[in-house]
Amino acid sequence: MANQELSEQEIVRRNSMQALRDRGIEPYPAPEYTVTGHSAEIKETFVDGQEPPREVNVAGRIMSRRIMGKASFMELQDSEGRIQVYVSRDDLCPGEDKDMYNVVFKKLLDIGDFIGVKGYVFRTQMGEISIHAQEITVLSKSLRPLPVVKMKDGKAYDAFTDPEQRYRQRYVDLVVNKGIKDIFIKRTKMFNSMREYFNSHGYLEVETPILQAIPGGASARPFITHHNALDIPLYLRIADELYLKRLIVGGFEGVYEFSKNFRNEGMDRTHNPEFTCMEIYVSYKDYNWMMAFTEKMLEKICLDVNGTTEVQVGDNVISFKAPYPRVTMTQAILEKTGFDITGKSEEELRAFCKQEGIEVDESFGKGKLIDEIFGEKCEGTYIQPTFIIDYPIEMSPLTKRHRNDPRLTERFELMVNGKELANAYSELNDPIDQYERFVEQMRLADKGDDEAMIIDGDFIRALEYGMPPTSGMGIGMDRLAMLMTGQSTIQEVLLFPQMRPEKKQAKEEEEKEAE
């Protein structure tokens with residue numbers, strides 16, 4: 001990076017880096033540094049009057065400093081939080097050479113630098129548990145200043161709050177914004193809790209392909225790539241359903257996967273083109289069993305993550321205490337709109353959409369039209385967890401027909417806080433019926449529906465070998481993380497959400513194209 005591109009502060013930091021080297025201090029030494037304590041644990045276990053005082057080695061970033069004469073204070077941030085460090089010139093430099101304090105500590109170290117501190121734990125006269133430094137080791141020089149908040153006349157400056165900056169530079173967001181790390185710690189607890197629940201039932205975690213010859217298992221537009229050696233197009237998976245059901249055919253009684261899925265669609269507060277989904281399939285079960293299984297699982301997860309079955313999301317307090325209400329799709333639309341979709345033709349459904357101002361495409365068949373009506377008029381009204389059940393057959397090409405009404409399927413979606421969280425079926429295991437449903441999907445594709453499913457001949461072949469009665473369920477892990485952490489946008493629960501190119505990068509690309 002040329003000097004003219006550097007800010008004044010960045011130039012000063014580079015000069016400090018060189019000055020450290022000139023003094024024989026490597027600003028990026030070999031990585032091993034023995035840490036014997038962390039901030040939160042040190043504070044929790046401190047005992048007043050302990051003799052001798054506890055000696056510790058801590059490591060982290062300098063987050064603030066109060067430079068005085070012969071003694072100073074700084075705040076060190078490690079993986080658990082922050083702790084105050086007291087630095088005395090005479091303790092840090094017991095001999096005649098005081099440069100480690102007067103020059104290195106006071107002039108060449110900056111906020112954001114990683115250091116190691118060896119010292120003992122004590123309580124200051126102000127009552128704050130601190131570390132009395134006896135030795136400081138430079139571990140990594142920070143060449144860019146952190147946007148540390150400064151207060152002046154009651155106003156905050158340099159706050160790192162712009163969402164676009166925060167998502168692009170998550171590494172800075174995690175350092176300077178309190179509570180961000182906790183979101184992702186809770187996210188990991190959520191995954192661990194779900195794994196424990198499945199494993200306790202004896203189900204097996206598996207992995208299935210991300211690159212697929214046919215994008216199946218959901219209705220969505222895929223990302224397309226090309227395999228050079230085979231000279232064939234491949235698709236990033238939109239779901240792992242069809243592969244997991246092949247494993248049920250192969251004899252596994254219960255399998256699940258946390259999968260990265262990819263859908264080449266829009267981006268908004270609840271959608272990212274790359275997202276995490278969990279899918280589970282269990283033999284000899286149906287959607288009624290899966291509803292009970294799901295609500296007990298979510299109750300457990302909420303307790304494990306938050307210590308309670310209730311979470312605050314915006315203005316809503318959502319209770320994951322089981323059981324949850326069950327409402328049929330037909331009943332939901334009738335209650336919210338007064339329109340009964342039973343037996344209605346495609347033309348009647350399209351006319352109702354037009355009457356209600358619901359935008360639909362000419363390529364939409366009955367299933368898509370009903371989905372649009374529900375999405376526009378009903379979905380957002382279900383705040384507390386509610387199972388919407390018994391979907392019309394046109395909406396569910398992979399679902400078993402309802403045992404009491406062949407016009408419907410044994411399917412549920414779980415609505416929470418106005419959005420779909422989970423989708424589940426009594427799985428279709430009749431290969432002839434499945435093939436006919438795929439054919440109908442291809443008719444929709446011919447009409448221009450680019451989300452219609454493609455016929456997967458190998459999956460049909462697998463079903464022809466026989467698949468036992470099975471129930472399957474998929475749950476959006478990112479949306480679940482939003483609920484468990486009380487966040488309103490999916491970007492807040494993804495460490496690195498997809499972003500548009502930065503303006504500078506986009507401008508450079510435009511200039512290259514112009515050349």
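In the predicted model, helix α11 (residues 346–356) and helix α12 (residues 366–377) approach one another with their axes within 9 Å, crossing at roughly 30 degrees. Because angles under 35 degrees count as roughly parallel, α11 is classed as roughly parallel to α12. The crossing of these two helices, α11 and α12, is left-handed. On the α11 side the contact comprises E346, L349, R350, F352, C353 and E356, which meet K366, L369, I370, I373 and K377 of α12. Six nonpolar and five charged residues make up the contact of α11 with α12, and no polar residue takes part.

Helix α12 also packs against helix α10 (residues 329–337), the two axes coming within 10 Å and crossing at roughly 50 degrees. This angle makes α10 oblique to α12. The crossing of α10 and α12 is again left-handed. From α10, the residues M329, A332, I333, K336 and T337 make the contact, and from α12 the residues I370, I373, F374 and K377. By class, the contact of α10 with α12 contains six nonpolar residues, one polar residue and two charged residues. Residues I370, I373 and K377 of α12 thus appear in the contact with α11 and also in the contact with α10. The spacing of such positions fits a general property of helices: an α-helix has 3.6 residues a turn, so residues three or four places apart point the same way.

The chain as a whole contains 16 helices and 20 strands. Its C-alpha atoms fill a box of roughly 95 × 65 × 50 Å along the principal axes. Of the 515 residues, 46% count as buried. Among contacts with a separation of 6 or more, 65% are between residues 24 or more positions apart.

One of the sheets is a closed barrel of five strands, in the order β1-β2-β3-β5-β4, with mixed pairing. From one strand of the barrel to the next, the twist averages 55 degrees. Within the barrel, strand β2 (residues 71–77) and strand β3 (residues 82–88) are paired in the antiparallel sense over seven bridges. Bridge partners in this pair include L76 with I83 of β3 and S72 with V87 of β3. Four residues lie between the strands of the β2 and β3 hairpin, where G81 adopts a positive phi near 150 degrees. Strand β3 also runs parallel to β5, to which three bridges join it, and Q84 has S130 of β5 as its bridge partner. Five of the seven residues of β3 are buried, so this strand is largely enclosed by the rest of the structure. Helix α4 (residues 99–108) lies across β1 (55–66), β2, β3 and β5 (129–140), and its direction is at about 45 degrees to that of β2.

A further sheet is open and consists of eight strands in the order β8-β12-β13-β20-β19-β18-β17-β16, with mixed pairing. The edges are formed by β8 (204–205) and β16 (326–328), each of which pairs on one side only. At the β16 edge, three bridges connect β16 to strand β17 (residues 386–389) in a parallel arrangement, with T328 bridged to I389 of β17. Helix α9 (residues 287–306) packs on this sheet, touching β13, β16, β17, β18 (411–416), β19 and β20, with its direction at about 35 degrees to that of β20. Helix α15 (residues 477–485) lies across β12, β13, β18, β19 and β20, at about 60 degrees to β20.

Strands of the open sheet also contribute to the surroundings of helix α8 (residues 241–249), whose buried residues are E241, L242, L244, K245, R246 and I248. The elements covering these buried residues of α8 include β12 (254–262), β13 (274–283), β19 (419–426), α14 (457–464) and β20 (470–476). Residue E241, which lies in α8, has a relative accessible area of 3% and is therefore buried. Beyond its neighbours within four places in sequence, E241 is in contact with G217, E279, Y281, L398, Y425 and E427. Just after α8, G251 takes a positive phi of about 115 degrees.

Terms used. Residues numbered from 1 in each chain as written. Predicted model: local features only at pLDDT ≥ 70, side-chain atom pairs only at ≥ 80, totals over all residues. Heavy atoms only, no water. Axes fitted to C-alpha atoms, helices over the stretch in contact; angles between N-to-C directions. Parallel < 35°, antiparallel > 145°, perpendicular 65-115°, else oblique. Left-handed = near helix turned anticlockwise from the far one by under 90°. Contact = heavy atoms within 4.5 Å. Nonpolar A, V, L, I, M, F, W, Y, C, P; charged D, E, K, R; others polar. Buried < 20%, exposed > 50% of the residue type's maximum accessible area, 1.4 Å probe, protein only. Pairing = 2+ DSSP bridges.
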